[in-house]
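Me: Please take a close look at one part of this model: ligand 1 and what lies around it. After that, go outwards from there in whatever order makes sense.

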Amino acid sequence: MERKDVLVPAEDLARQRDFQEKIRRMFEARQAHPRACVDTFGCQQNVADGQKLMGMLQEMGFTLTEDAKEADLVILNTCAIREHAEQRVFGNLGILTHTKKENPEQVICLCGCMAQEERVSKRIKESYRHVDLVFGPQALWKFPELLWEVYETHKRVFSVQDEHGTIAEGIPVVREKGVKAWVSIMYGCNNFCSYCIVPYVRGRERSRDPQAVLAEVRELVEAGYKDITLLGQNVNSYGNDLDIGYHFPDLLEDIDKIPGEYLIRFMSSHPKDATYRLFDVMAKSSHVAKQLHLPVQSGNDRVLHEMNRRYTRAQYLDLVNYAKRVMPGLVLTSDIIIGFPGETEAEAMDTVSLVEEVGFDALFTFIYSPRPGTKAAAMPDPATREEKQKWFDKLLEVQNAKSAALHAAYVGETVRVLVDGESDDPEFPLASRTEGNRLVRLKGDKSLMGKFVDVKITGSNTWALYGEAI
Ligand code: SAH
Ligand code: SF4
Ligand code: F3S
């Protein structure tokens with residue numbers, strides 16, 4: 001697709017603003033004060049999409065609520081990554097039959113990654129007749145128009161065409177309270193890892209223009225945001241579709257020049273596209289956190305090949321060794337899948353040995369979940385759930401011991417943290433994050449909120465550090 005076809009034209013976005021205005025006036029004429037509830041599942045990309053939905057809803061005159069019962073409009077912004085995620089959404093949809101019975105005017109929308117699956121949209125069409133509007137991630141920018149159609153026609157609306165996907169700049173965003181912000185730098189995925197549904201539901205890779213990203217980060221820093229995460233399914237292929245010889249490390253270098261007191265993080269990184277240059281740029285930059293989430297998935301070459309990951313165990317180890325060499329103290333995390341179809345116990349133990357060898361600070365671990373339509377879902381999968389669980393438990397045991405040991409080594413040290421939340425532990429009422437994104441529960445008062453402070457670490461466990469401000 002040509003670049004000009006990827007960017008949504010300004011006049012099309014202006015039309016969407018007209019629909020927002022129409023909806024606002026419709027409620028005003030009824031002297032109604034509509035309320036909307038947006039329930040987001042899944043990854044940070046979906047969280048960022050949810051913030052755009054909320055932005056558009058505010059422009060339409062909606063107040064936001066977290067209670068679906070009192071909402072005039074309920075949106076489930078869904079995730080399709082594992083079966084469990086989908087079951088939760090179907091459970092929630094079941095509950096919404098009751099809220100709609102009490103309030104027949106309630107409008108129910110299903111969007112996000114599940115909505116883009118044909119199997120799901122069919123099931124909604126046939127069996128969840130209380131759902132009024134279904135649209136996939138590629139249609140997000142058309143939400144005002146789709147919602148207007150629901151209000152005007154009182155008919156069910158489905159917008160789930162399989163599309164390459166576009167980029168819509170300038171959609172309003174409702175951000176979380178506090179100092180954290182998400183910035184999508186690209187959308188979609190081209191990688192087709194054999195187990196993964198994302199490329200089927202999020203369209204092809206497309207990168208935002210560097211100037212648009214830079215302007216957004218600059219605005220956020222000026223507005224006082226201090227912990228900014230750049231998002232993409234694989235940020236390391238940022239820019240490939242721009243054809244201007246500008247890549248992710250270039251973007252990081254340019255962002256780093258923005259003055260201010262803030263940290264830049266990014267996720268996710270695909271090892272096949274991670275380069276020494278990326279790590280060199282991270283190492284010498286002053287705002288990029290020395291933190292890397294580099295999903296490895298497996299430590300066995302046959303399994304990596306079947307997963308279509310396009311790197312080997314040795315290549316992965318070489319990358320992390322280089323990254324650690326140029327960034328001493330780097331906080332390194334990863335994603336792992338146990339029980340990929342055909343994986344043997346010995347192969348799963350290769351993953352455990354890789355985890356031991358690398359010494360990750362933390363892991364996100366998953367048992368393989370077949371996703372209909374993906375290549376892996378059609379592969380023979382002889383290992384039982386019990387076997388996979390046993391391998392999984394072994395992995396957790398190794399990682400938890402490692403995390404606990406790494407955390408214990410912080411005790412007595414002084415570290416700089418960003419105070420970003422409260423906790424329900426009365427002894428340690430504040431939550432904060434180190435540059436590496438380690439959670440530190442803190443003694444101290446609320447006046448520290450949103451500030452960078454030096455703290456002395458006094459205790460630790462597998463999941464967190466404990467400390468006090470000095
Ligand atoms: N784009 C990111 C991953 C997004 S999904 C990346 O490539 O790093 C987040 C994680 O979910 C993946 O890294 C993988 O570990 C896990 N995952 C994806 N599909 C899965 C499946 N079918 N079953 C189990 N885990 C899965
Ligand atoms: Fe899925 Fe692989 Fe794309 Fe990540 S890189 S979203 S795991 S296909
Ligand atoms: Fe889920 Fe879609 Fe993210 S499938 S993990 S919400 S990209």
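Reply: A residue counts as near a molecule if one of its heavy atoms lies within 4 Å of it. The model is a predicted one, and every value below is computed from it.

Which residues come nearest to ligand 1? Of the 15 residues around ligand 1, these are Q233, P295, Q297, D335 and S369. Q297 makes a polar approach: an N or O atom in the side chain of Q297 is 2.7 Å from an oxygen atom of ligand 1. R82 also addresses an oxygen atom of the ligand, with a polar side-chain atom of R82 at 3.1 Å. Y195 uses its backbone instead, and one of its N or O atoms there lies 3.1 Å from a nitrogen atom of ligand 1.

Two of these residues lead on to the other ligands. Q233, among those nearest to ligand 1, is listed around ligand 3 and around ligand 2 as well. Y195, whose backbone approaches ligand 1, is part of the shell of ligand 2.

The shell of ligand 2 also holds C189, N191, F192, C193, C196, V198, P199, H270 and R309. By residue class, the shell around ligand 2 has seven nonpolar members, three polar and one charged. Around ligand 3 the list includes C43, C79 and C113, together with N46, A80, I81 and R202. That shell divides into five nonpolar residues, two polar and one charged.

For the wider frame, the chain is divided into domain 1 (3–159), domain 2 (175–289), domain 3 (313–406) and domain 4 (414–469). The C-alpha centres of domains 3 and 4 lie 29 Å apart, and seven residues of domain 3 are in contact with four residues of domain 4. About 440 Å² is buried between domain 3 and domain 4, with carbon and sulfur atoms giving 57% of that area. On the domain 3 side, V331, N400 and A404 supply 64% of the area that domain 3 buries against domain 4, more than any other three residues.

What polar pairing does this interface show? Between domain 3 and domain 4 there are zero residue pairs in polar contact, counted with both residues at pLDDT 80 or more, and zero salt bridges. The elements that give two or more residues to the domain 3 side are β13 (331–338) and α14 (385–408). Of these, α14 gives the largest share, three residues. The residues on the domain 3 side divide into three nonpolar, three polar and one charged.

Salt bridges do occur elsewhere: the whole structure has 30. One of them joins E261 and R416, with the closest N and O atoms 3.3 Å apart. E261 lies in the loop between α9 (248–256) and β11 (263–267) and R416 in strand β15 (residues 414–422), so the pair ties together parts that are 155 residues apart in sequence.

Two backbone details complete the account. M267 and S268 are joined by a cis peptide bond with omega about -10°, and S268 sits in the loop between β11 and α10 (276–284). Q31, in the loop between α2 (10–29) and β1 (35–40), has a positive phi of about 55° although it is not a glycine.

Conventions. Residues are numbered from 1 along each chain as its sequence is written. Chains are lettered from A and ligands numbered from 1 in the order in which they are written. This is a predicted model: local features need pLDDT of at least 70, side-chain atom pairs count only at pLDDT 80 or more; totals for chains, interfaces and linings use all residues. Side-chain values use heavy atoms; hydrogens and water are left out. Domain bounds come from an automatic or database domain assignment. Contact means heavy atoms within 4.5 Å. Buried area is the accessible area (1.4 Å probe) that two parts lose on being put together, summed over both. A salt bridge is a side-chain nitrogen of Lys or Arg within 4 Å of a carboxyl oxygen of Asp or Glu. A polar contact is a pair of N or O atoms within 3.5 Å; within protein, one must be able to donate a hydrogen and the other to accept it, and residues adjacent in sequence count only if both atoms are side-chain atoms. Helices (H or I, at least four residues) and strands (E, at least two) are DSSP runs, numbered from the N terminus. Ala, Val, Leu, Ile, Met, Phe, Trp, Tyr, Cys and Pro count as nonpolar, Asp, Glu, Lys and Arg as charged, and the others, Gly among them, as polar.
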